[in-house]
Amino acid sequence: MKRRTTLRALEGVALALGAPLGWLLIQAARGVPVHVALTDHPGLYVYMLAGTALAFGLFGWVLGGRESRLQDTVRRLAELAVTDGLTGLRNARYFHTRLAEEYAEIERTGRPLAVVVLDLDHFKRVNDRFGHPVGDDVLVNTARAIAAATRHGETEARVGGEEFALLLPGSTGAEAMEVAERVRRAIAENETPLPHQGGERVRVTASAGVASTAELPGVGAQELVRLADEALYRAKREGRNRSVMAAAAD
């Protein structure tokens, strides 16, 4: 912000040079030599330069400040548009945008891409028993556990009510399974304190489905997510609190 306001102020000062120069040109057009005009009325030109520079410089400073605040507002709004309001993770919109971008990278470099889809087990019971405020606290703590268990360059998003997704560029299915298991264990070990309950805490588990283009070559972006979802449903059917790898036959 400071740099922009300073730049605008300097631009205003530079524009102020036009006032005395313009008047000198008018005098010259009337036949008054420049040195004579400056000698006869030096105070006038000092006043025109200093006064205009001050006015334009202040105007530039104010304008630069407003431009900086506007840019900050635009950046904040852009950030809000791709951020989940409850958990602070990225939202579904951002996830699918990044998914498309990563698929473009696959076409360029051929590097694999993995998707992990996670869903909290029996989360409805938490809301029914303790209420939605506690359910929201569980989601927030789950998001923190997920973020702490992932690495730089991996995208964590909340894509549904109690559903989360990870985008893992460069990961094979085996590598993505390691991440899924690390995240699943972090969620299972996480505890959410109950307000006004004397230290009682809520624990939840999660099931995960994993799919990677390394094992599923030629699969499109939406199909990769669908296969991860199918693997997630299989994890639910097989007893929950586990990770399952997708196969082409899913």
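Buried means under 20% relative accessible area, exposed means over 50%, and partly exposed lies in between (1.4 Å probe, protein chains only). The model you have open is predicted, so local features need pLDDT of at least 70 and side-chain atom pairs count only at pLDDT 80 or more, while totals for chains, interfaces and linings use all residues. Residues are numbered from 1 along each chain as its sequence is written, and side-chain values use heavy atoms, with hydrogens and water left out.

Start by selecting Arg-185, which is partly exposed at 40% relative accessibility, and then add Glu-181, which is partly exposed at 21%. These two form a salt bridge (a side-chain nitrogen of Lys or Arg within 4 Å of a carboxyl oxygen of Asp or Glu), with their closest N and O atoms 4.0 Å apart. Both sit in helix α8 (residues 173-189), where a spacing of 4 residues separates them by about one helical turn; helices here are DSSP runs of H or I with at least four residues, numbered from the N terminus.

Next, select Glu-101 and Arg-98 in helix α5 (residues 92-109), which are 3 residues apart and so about one helical turn from each other. Their salt bridge brings the closest N and O atoms to 2.5 Å, and here Arg-98 is buried at 17%, whereas Glu-101 is partly exposed at 42%.

Now move to Glu-238 and Arg-234, whose side chains meet in a salt bridge of 3.7 Å from N to O. Finally, select Arg-98, Glu-101, Glu-102 and Arg-111 together, since salt bridges that share partners join them into one network.

Conventions:
Helices (H or I, at least four residues) and strands (E, at least two) are DSSP runs, numbered from the N terminus.
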